[in-house]
Amino acid sequence: MGLLPVPSLGCSCTRHRPTGHPPKPSLRALPSSLVPLERQVTLRCEGPPGMDLYRLEKLDSRKYEDQHFLFISAMKRNDAGRYRCSYQNGTRWSLPSDDLELIATGVYSKPSLSAHPSPAVSPGGDVTLQCQTQYGFDRFALYKEGDTGPFRRPERWYQANFPIITVTAAHSGTYRCYSFSSNSPYLWSAPSDPLVLTVTGASATPSHLPTEAPSRMTGLIDQDYTTQNLVRMCLGALILVLMVGFLVEAWYSQKKALSPRGRAVQRPLPPIPQAQKSVGRQDGGRPDAYKPGRHP
């Protein structure tokens with residue numbers, strides 16, 4: 001069913017909206033918002049159950065559909081664009097949903113995608129994914145399989161580089177790129193051939209990340225690592241104690257060898273020798289001594 005044109009009314013009417021709107025609905029494209037030409041897609045508006053009316057509209061076209069879904073049996077260029085939806089409960093309208101960009105792919109020929117220096121990268125390394133086209137497009141989008149949105153959209157001509165710095169296991173996966181013009185942002189090229197980025201030595205890929213609790217074997221390995229660390233720490237402490245003991249013993253031996261010389265230096269000086277008496281003189285050596293029997 002196609003979208004109906006909005007009727008032109010002769011009066012200027014305003015809808016009274018009391019304070020506080022019902023929560024806004026969500027709008028999804030199934031199976032994807034990237035739709036190859038001539039493929040089918042369903043737009044579905046999801047809100048609270050039991051609402052009186054749903055309205056799904058295409059922006060910038062004055063067309064809408066008063067139901068909660070829109071089925072497109074064969075994607076055309078004029079189906080691409082921005083959509084949104086809302087619902088009515090009694091006299092109150094909800095806030096509109098977030099805009100959904102419906103992209104028509106396959107409008108132009110596919111670009112090429114390559115990895116430099118290599119699609120096999122070791123953890124912690126860097127890699128650049130390069131998207132190239134023969135046309136002068138100024139917009140590029142890189143998608144990773146399993147993700148819902150584009151990786152990046154740099155603005156360059158003919159090619160775009162997508163650098164990935166410090167690669168981890170989460171970067172492993174399948175990538176494709178698209179090229180398009182900023183003048184027609186919803187008409188894209190066909191996707192490039194898939195490029196598989198492999199992180200060598202990584203323990204897990206993004207689609208197989210471990211989510212369950214560690215197994216018993218993992219616990220045993222962790223315990224073994226803990227025991228080894230404790231043994232290393234004990235050996236290190238023992239070696240340190242032995243080295244301290246050797247140093248103390250060497251210091252004590254050196255002190256013991258130097259102790260006799262220390263006591264010799266501290267011995268008391270010998271007594272000062274006394275003056276010897278003159279031989280044959282009875283006066284004790286005094287020149288003015290009195291000599292009996294002689295007078296001047």
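**Strands, cores and a pocket in a predicted model**

User: Looking at strand S15 (residues 159–164), which side chains point to the face where they are buried?

Analyst: This is a predicted model, so take what follows as computed from it. The side chains of S15 alternate along the strand. Gln159, Asn161 and Pro163 point to one face and are not buried. Buried here means under 20% relative accessible area, and the side chains that point to the other face and are buried are Ala160, Phe162 and Ile164.

User: In S15, what is the bridge partner of threonine 128?

Analyst: Start with the pairing: strand S13 (residues 127–132) and S15 run antiparallel and are joined by six bridges. Threonine 128 has its bridge partner in S15. That partner is one of the side chains on the face that is not buried, and its name is proline 163.

User: What is the strand order in the open sheet of three strands?

Analyst: Work in from the edges. Strand S2 (26–30) and strand S7 (69–72) each pair on one side only, which makes them the edge strands. The pairing is antiparallel, and the twist averages 10° from one strand to the next. Reading across, the order is S2-S4-S7.

User: And in S7, which residue is the bridge partner of valine 41?

Analyst: Valine 41 belongs to strand S4, which covers residues 41–46. S4 and S7 pair in the antiparallel sense over four bridges. In S7, the partner of valine 41 is isoleucine 72.

User: Which element gives the largest share of the largest nonpolar core?

Analyst: That core has 21 residues, and those with the most contacts inside it are Leu27, Leu43, Leu56, Tyr83 and Leu102. The elements giving two or more residues are S2, S4, strand S5 (53–58), S7, strand S8 (81–89) and S10. The largest share is four residues, and it comes from S10.

User: How many residues are in the other core that lies apart from it?

Analyst: Ala160, one of the buried side chains of S15, is a member of this other core. Val121, Leu129 and Val167 are also among its residues. The count for this core is 17.

User: Which element gives the largest share of the lining of the largest pocket?

Analyst: The pocket has a volume of about 470 Å³. Of its 20 lining residues, the closest to the centre are Ser32, Leu34, Tyr143, Asp147 and Tyr178. Two or more lining residues come from each of S2, strand S3 (34–36), strand S10 (100–108), strand S14 (139–144) and strand S16 (173–180). The largest share, four residues, comes from S16.

User: By class, how many residues of that lining are charged?

Analyst: Nonpolar residues number nine and polar ones six. The charged residues number five.

User: What is omega for the cis peptide bond from leucine 30 to proline 31?

Analyst: Proline 31 sits in the loop between S2 and S3. Another cis bond runs from histidine 116 to proline 117, with omega near 5°. For leucine 30 to proline 31, omega is near 10°.

User: Does aspartate 60 count as buried or exposed?

Analyst: Aspartate 60 lies in the loop between S5 and strand S6 (63–65), and has a positive phi of about 65° although it is not a glycine. The cut-off for exposed is over 50% relative accessible area. The relative accessibility of aspartate 60 is 75%, so the residue counts as exposed.

Definitions and conventions. Residues are numbered from 1 along each chain as its sequence is written. This is a predicted model: local features need pLDDT of at least 70, side-chain atom pairs count only at pLDDT 80 or more; totals for chains, interfaces and linings use all residues. Side-chain values use heavy atoms; hydrogens and water are left out. Two strands pair if DSSP finds at least two bridges between them. Axes are lines fitted to C-alpha atoms, for helices over the stretch in contact, and angles run from 0 to 180 degrees between N-to-C directions. Buried means under 20% relative accessible area, exposed over 50%, partly exposed in between (1.4 Å probe, protein chains only). On a 1 Å grid over the protein atoms alone, a cavity is a set of points where a 1.4 Å probe fits but cannot get out, and a pocket is an open set with protein on both sides within 12 Å along at least five of seven lines; lining residues have an atom within 4 Å of a point. Grid points are joined across faces, edges and corners, and a volume is the space filled by probe spheres set on the points. Ala, Val, Leu, Ile, Met, Phe, Trp, Tyr, Cys and Pro count as nonpolar, Asp, Glu, Lys and Arg as charged, and the others, Gly among them, as polar. A nonpolar core is a set of buried Ala, Val, Leu, Ile, Met, Phe, Trp, Tyr and Cys residues joined through side-chain atoms within 4.5 Å.
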